[in-house]
Amino acid sequence: MRTRPLGTDGPQVAPLALGCAGMSDHEAPADEADALATVRAALDAGVTLLDTADFYGMGHNEDLIRRALRDGDREKAVLSVKFGGLRDPGGAFVGIEGRPAHVKNALAYSLRRLGTDHVDIYRPARLDPLTPIEDTVGAIAELVQAGHVRHIGLSEVGPETIRRAHAAHPICDVQIEYSLFSRDPETNGILDTCRELGIGVTAYGVLAHGLLTGVYRQPAGLDPRAHWLPRFHPDNLAANLTLVDRLRPLADARGLSVAQLATAWVVTQGRRRGTVVAVLGARRPHRVEEALAAADVTLTDDELRAIDEAVPAGAAAGTRYAAPLMALLDSERGPRVAGAPPHPDPQKEL
């Protein structure tokens, strides 16, 4: 698979990455044999960027990745690790932490669970508004100097924070939710800022948490995710599934599934807007195989226009997250500590 640098000076990566959150979901973890096989299938196919976090399964995900890596795999794998998401024993997110002492403490535990002496990209999961981003990035920079971290990333932050962080130390990439249903990065300055500064983008949620798979159907009752993902709420779900149906003939014309078309759309944005890597949230090996077909698809200008007509920017009904969760995870305004009931991992792709 053809690779490219993630950002100006980042590691070489494929246009697809493997998001591992769903393998350790607090409420419904994936079958472990499937999870291990999925990581190995991705690496064998040339998908080397593995995205994890210390709070995915409260350490379970990092331990799983350690066990998935075979002899020689660590040299191929690009380990991207998020930190700073605080959870209680019930699985609820209770805050965001970015103080320098926490940065170094969190990495020490991650290195032990991952069974490695360094991670390739280390990033705060969200901005701690009580800790200047320069302090958080400065602490990671010290870990870079010590050889424990290769590159610094960010996640779900705005243009001003990106610029401040990049001035403190070169930033490799910014992780954001970006899909046909979540196109705010096109208008809020994030994509433009990253392109200007030579920063890559890792896009999660490319299948809109399952809505853009093309196989999701409206359930008889309330989807449990509707409490935290309003696009699954009955008030919005029918309209969103109608948008998905508009994509079917476009996918059929290219011999793709709807999921592959949605993935190819993100990959194509990467070719047009700078380095954008699509983070695939697979839990089974065959999902990796399906996504690989999309990685080599370049959509034409006519096809992109047809997709825009079928699903215009901003057409998805409902916000990304419900208000209580959005207040906690808002990267620029949220409190360091705030209560929130249990909910699915916000970066999990089904």
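The following exchange examines how several descriptive terms apply to a predicted model.

User: What makes Glu 62 of helix H2 count as buried or exposed?

Analyst: Glu 62 lies in helix H2. Its relative accessibility is 0%, and the term buried applies under 20%, so Glu 62 counts as buried.

User: Which residues is Glu 62 in contact with, leaving aside its neighbours within four places in sequence?

Analyst: Glu 62 is in contact with Thr 52, Ala 53, Asp 54, Val 81, Ser 110, Arg 113 and Leu 114. As for Leu 114, it stands 52 residues from Glu 62 along the chain, while the two C-alpha atoms are separated by 5.3 Å.

User: How do you know that the length of helix H4 is close to what is expected?

Analyst: Helix H4 runs over residues 100-114 and has 15 residues. From its first C-alpha to its last it reaches 21 Å, and the span expected at 1.5 Å a residue is 21 Å. The two values therefore support the description "close to".

User: What places the buried residues of H4 on one side of the helix?

Analyst: The buried residues of H4 are His 102, Val 103, Ala 106, Leu 107, Ser 110, Leu 111 and Leu 114. They cover an arc of only 160° around the axis, and therefore sit on the same side of H4. Ala 101, Tyr 109 and Arg 112, on the other side, are exposed.

User: Which elements do the buried residues of H4 pack against?

Analyst: They pack against helices H2 (60-68) and H5 (133-145), together with strands E5 (78-83), E6 (85-87), E8 (119-124) and E9 (149-155). After H4 comes Gly 115, with a positive phi near 70°.

User: Why is H4 called oblique to H5?

Analyst: The axes of H4 and H5 cross at roughly 40° and come within 8 Å. Angles under 35 degrees would count as roughly parallel, and 65 to 115 as roughly perpendicular. The crossing angle of H4 and H5 belongs to neither range, so H4 is oblique to H5. The contact is made by Pro 100, Val 103, Lys 104 and Leu 107 of H4, with Asp 135, Thr 136, Ala 139, Ile 140, Glu 142 and Leu 143 on the H5 side. The crossing is right-handed.

User: What makes H5 oblique to H6?

Analyst: The axes of H5 and H6 cross at roughly 40° and come within 9 Å. With roughly parallel reserved for angles under 35 degrees and roughly perpendicular for 65 to 115, H5 is therefore oblique to H6. H5 contributes Ile 133, Glu 134 and Val 137 to the contact, and H6 contributes Thr 161, Arg 164, Ala 165 and Ala 168. This crossing of H5 and H6 is right-handed.

User: How do you know that the buried residues of H7 line one face of the helix?

Analyst: In H7, Ile 190, Leu 191, Thr 193 and Cys 194 are buried. Seen down the axis of H7, they fall within an arc of 165°, so they line one face. Their cover includes H6, strand E10 (171-177) and E11.

User: Why is Gly 198 called partly exposed?

Analyst: Gly 198 has a relative accessible area of 22%. Buried would require under 20% and exposed over 50%, so a value in between is called partly exposed. Gly 198 is found in the loop between helix H7 (190-197) and strand E11 (200-204), and takes a positive phi of about 75° just after H7. Leaving aside neighbours within four places in sequence, Gly 198 is in contact with Gly 7 and Thr 8.

User: Why is the phi of Glu 156 worth noting, and is Glu 156 buried or exposed?

Analyst: Most residues other than glycine have a negative phi. Glu 156 has a positive phi, near 50°. It is found in the loop between E9 and helix H6 (159-168). At 11% relative accessibility, against a limit of 20%, Glu 156 counts as buried.

User: What is the phi of His 209, and how do you know whether His 209 is buried or exposed?

Analyst: The phi of His 209 is positive, near 60°, in a residue other than glycine. His 209 has its place in the loop between E11 and helix H8 (234-253). Its relative accessibility is 6%, and buried means under 20%, so His 209 counts as buried.

Conventions
Residues numbered from 1 in each chain as written. Predicted model: local features only at pLDDT ≥ 70, side-chain atom pairs only at ≥ 80, totals over all residues. Heavy atoms only, no water. Helix = DSSP H or I, 4+ residues; strand = E, 2+ residues; numbered from the N terminus. Expected span 1.5 Å × (residues − 1). Buried < 20%, exposed > 50% of the residue type's maximum accessible area, 1.4 Å probe, protein only. Arc of directions from axis to C-beta. Contact = heavy atoms within 4.5 Å. Axes fitted to C-alpha atoms, helices over the stretch in contact; angles between N-to-C directions. Parallel < 35°, antiparallel > 145°, perpendicular 65-115°, else oblique. Left-handed = near helix turned anticlockwise from the far one by under 90°.
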